Amino acid sequence: MKAAASDRRDRLRAMLADLKMPGALEAVDGVLAQVDSGAVTAGEAIELVLNAQIALRNNRRLQAAMRSSRLPAVKTLAEFDFTFQPSIKREQIESLHELGFLDRGENVILLGPPGVGKTHLAISLAITAAEAGRRVYYGTLTGLIDTLMEARAAGELSRRLRVLTHPALLVVDEIGYLPVSQDGAVLFFQLINARHERASTVLTSNKGFEEWGTVLGDEVMAAALIDRLLHHCHIVNIRGNSYRMREHQEWLRSAAEKRREAVAR
Ligand SMILES: Nc1ncnc2c1ncn2[C@@H]1O[C@H](COP(=O)(O)OP(=O)(O)OP(=O)(O)O)[C@@H](O)[C@H]1O
Ligand SMILES: [Mg+2]
């Protein structure tokens, strides 16, 4: 009986190696031991082994995406504290992370004042998409416009527009902080036009739509842009306090406490 079990273990290991499933291969011995000790059922064991493989694959996808997508940080949904930001509907954000909007080519616009988590949530959507094997790309509005301008100067604008139309998810972060030249706004319009109804764009802004005309230096074009973006769109309107301020306040509180302790000593 013992020999049969160890033969099966060897066969399983050989099969997982043959199928190129290193995550599952690494987990299988531990999981079989849990089955032997009665800690998990057979069904749970299959789930654990497959989950180990999926976790490894997703991690590899994420590593590859972090190299190519220019995402500035890893921010995940699990790290997001919904209790701090009650104006956000948790169900809406969780349902967006199921990525149906990507298949439908819909956009997401995150609006709100500084520090409320717009970039965090835009990145966590991009990371979830990357883990699901989708191509993602991140840029700030001014960063994207700069690369389009460089490409145009090199006579490669249409190629660059094609490259930026390719990702299933493009993050356009920070619409509203830095002014954009009218020329730059035209390039941005071309980008959104190229992606419109083809692929999803996740945008963040500290300014309401009524101010986008001023940001982009052209009311008529801003209206046409917003019209395209809103055509198939999920809007996340965040009203609340800055998480950064909370972190600063905690730091200030602990610094004050340390000072008090030092004085008391
Ligand atoms: N609800 C939250 N739970 C956990 N971390 C948060 C939350 N909101 C924001 N943060 C963190 O606080 C910092 C600021 O958030 P973020 O960069 O997403 O703000 P923002 O809305 O993009 O601000 P800005 O308009 O200035 O760019 C980040 O480090 C982010 O991970
Ligand atoms: Mg931001």
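In what order do the five strands of the open sheet run?

## The sheet

This is a predicted model. The order is β2-β3-β4-β1-β5, and the pairing is parallel. The edges of the sheet are β2 and β5 (233-237), each of which pairs on one side only. On average, neighbouring strands are turned by 15° against each other, direction ignored.

Strands of a sheet pair through backbone hydrogen bonds, either parallel or antiparallel. The pairings below follow the sheet from β2 inward.

## From β2 to β3

Strand β2 covers residues 136-140. Five bridges join β2 to β3, and the two strands run parallel. One point of register is Tyr137, which stands opposite Leu170 in β3.

## β4 and its partners

Strand β4 spans residues 200-205. On one side, β3 (residues 169-175) is joined to β4 by five bridges, and the two run parallel. Here Val172 stands opposite Leu203 of β4. Strand β1 (residues 107-111) is also parallel to β4, with four bridges between them. In that pairing, Leu110 stands opposite Thr204 of β4.

The chain also links β3 to β4 through a helix. Together β3, helix α9 (residues 182-195) and β4 make a β-α-β unit, and the unit is right-handed.

## Both faces of β4

Are the residues of β4 buried or exposed? Six of its six residues are buried. In a regular strand the side chains alternate between the two faces of the sheet. In β4, one side carries Ser200, Val202 and Thr204. The other carries Thr201, Leu203 and Ser205. All of these residues are buried, so both faces of the strand are covered. Two of them have already appeared: Leu203 stands opposite Val172, and Thr204 stands opposite Leu110.

## Val136 on the edge strand

Val136 lies in β2, an edge strand that pairs on one side only. Is Val136 buried or exposed? Its relative accessible area is 5%. The cut-off for buried is under 20%, so Val136 counts as buried.

Which residues does Val136 touch, leaving aside those up to four places away in sequence? They are Ser69, Leu71, Ala126, Ala129, Ala130, Pro167 and Leu169. One of these contacts, Leu169, belongs to the residue range of β3. Another, Ser69, is 67 residues from Val136 along the chain, yet their C-alpha atoms are separated by 5.8 Å.

Note on methods
Residues numbered from 1 in each chain as written. Chains lettered and ligands numbered in written order. Predicted model: local features only at pLDDT ≥ 70, side-chain atom pairs only at ≥ 80, totals over all residues. Heavy atoms only, no water. Buried < 20%, exposed > 50% of the residue type's maximum accessible area, 1.4 Å probe, protein only. Contact = heavy atoms within 4.5 Å. Pairing = 2+ DSSP bridges. Right-handed = clockwise from strand over helix to strand, strands pointing away. Axes fitted to C-alpha atoms, helices over the stretch in contact; angles between N-to-C directions.
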